[in-house]
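Trainee: I've got the model open and I keep tripping over the labels. Can we go through what earns each one?

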Amino acid sequence: MLVAEILKDKGDAVYSIAPDLTLAEACGELDRLRVGALMVCDDDRVVGVLSERDVVRAVSAAGQEALRRPVSAFMTSEVVFAAPAESVAILMSRMTDRRIRHLPVLRDGRLAGVISIGDVVKCQIAEATQEAESLRTYIAAG
C-alpha cells in the first residue's frame, strides 16, 4: 500500500501550530485535538514537528519554565518527510531507523497530510487480514 492510499482513507487533516506559540499552549492543543504531534508551520512551510516526546524532553531539561518558552525552542527542526508514492514498507523502515512516530507528507512541496505509526500498523493489519481471508477462500474452493 502507498502513502497516498492511506491519506485517501484517513483524510488530509493536518493539525499545525505557529513556532512562536508557547509550549503550554501547544500542550493544550495536543490535549484538545487528542494527537501525539503537531506540525509547526511558518506560513505554508513546515519548520518543525512538536511531539509528546519533545514536550517531555523540554520539561525534563527546563522544568516549568519550558512551558512559557516558544515551541521553536523545543520542536524537532530536522523534519523527515514522506511522499505520496512511497510504500508503507519504506515508511516503516524510515520510522524505525529514525525512531519517529509521525511523518508529514509533502505533495508538490506542500503539506498534504501526516502519517502516524498507528496508521502504518492499521494498514499492515488490514493487509494481513485481507491476505488471510484470500487464503481461506482459496483453500475452501480447492
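Mentor: Sure. Start with charge: Asp and Glu count as negative here, and like charges are joined into a patch within 9 Å, provided each residue has over 30% relative accessible area and no salt bridge. Keep in mind that this is a predicted model.

Trainee: Okay, so what makes the negative surface patch, and which residues form it?

Mentor: E5, D9, E127 and E131 form the negative patch. Helices α1 (3-10) and α5 each supply at least two of its residues.

Trainee: How do you know that E5 has enough accessible area for a patch?

Mentor: E5, which lies in helix α1, has a relative accessible area of 37%. The patch cut-off is over 30%, so E5 passes. Exposed would take over 50%, and buried means under 20%, so E5 is called partly exposed.

Trainee: And what makes the nonpolar patch?

Mentor: That one is made by I117, V121 and I125, and has an area of about 240 Å². Nonpolar side chains are joined within 5 Å.

Trainee: Why is I125 called exposed?

Mentor: I125 is found in helix α5 (residues 117-141), with a relative accessible area of 51%. Exposed means over 50%, so I125 gets the label.

Trainee: Over to the strands. Why is β3 called mostly covered?

Mentor: Count the residues under 20% relative accessible area, the cut-off for buried. In strand β3 (residues 45-51), six of the seven residues are buried.

Trainee: How do you know that β2 and β3 pair?

Mentor: Pairing takes at least two bridges. Strand β2 (residues 37-42) is joined to β3 by six bridges, so the two strands count as paired, and they run antiparallel. For a landmark, look at A37, which stands opposite S51 in β3. The two strands form a hairpin with two residues between them.

Trainee: What makes D43 worth a look in that turn?

Mentor: Its backbone. Most residues other than glycine have a negative phi. D43 isn't a glycine, yet its phi is near 60°, a positive value. D43 also has 74% relative accessibility, and the cut-off is over 50%, so D43 counts as exposed.

Trainee: Where does D108 sit, and what is its phi?

Mentor: D108 lies in the loop between β4 (102-107) and β5 (110-116). Its phi is positive, about 55°, although D108 is not a glycine.

Trainee: Is D108 buried or exposed?

Mentor: Its relative accessible area is 76%, which is over 50%, so D108 is exposed.

Methods:
Residues numbered from 1 in each chain as written. Predicted model: local features only at pLDDT ≥ 70, side-chain atom pairs only at ≥ 80, totals over all residues. Heavy atoms only, no water. Areas by Shrake-Rupley, 256 points an atom, 1.4 Å probe, with all protein chains shown as cover. Salt bridge = Lys/Arg side-chain N within 4 Å of Asp/Glu carboxyl O. Helix = DSSP H or I, 4+ residues; strand = E, 2+ residues; numbered from the N terminus. Buried < 20%, exposed > 50% of the residue type's maximum accessible area, 1.4 Å probe, protein only. Charge placed at Lys NZ, Arg CZ, Asp CG, Glu CD.
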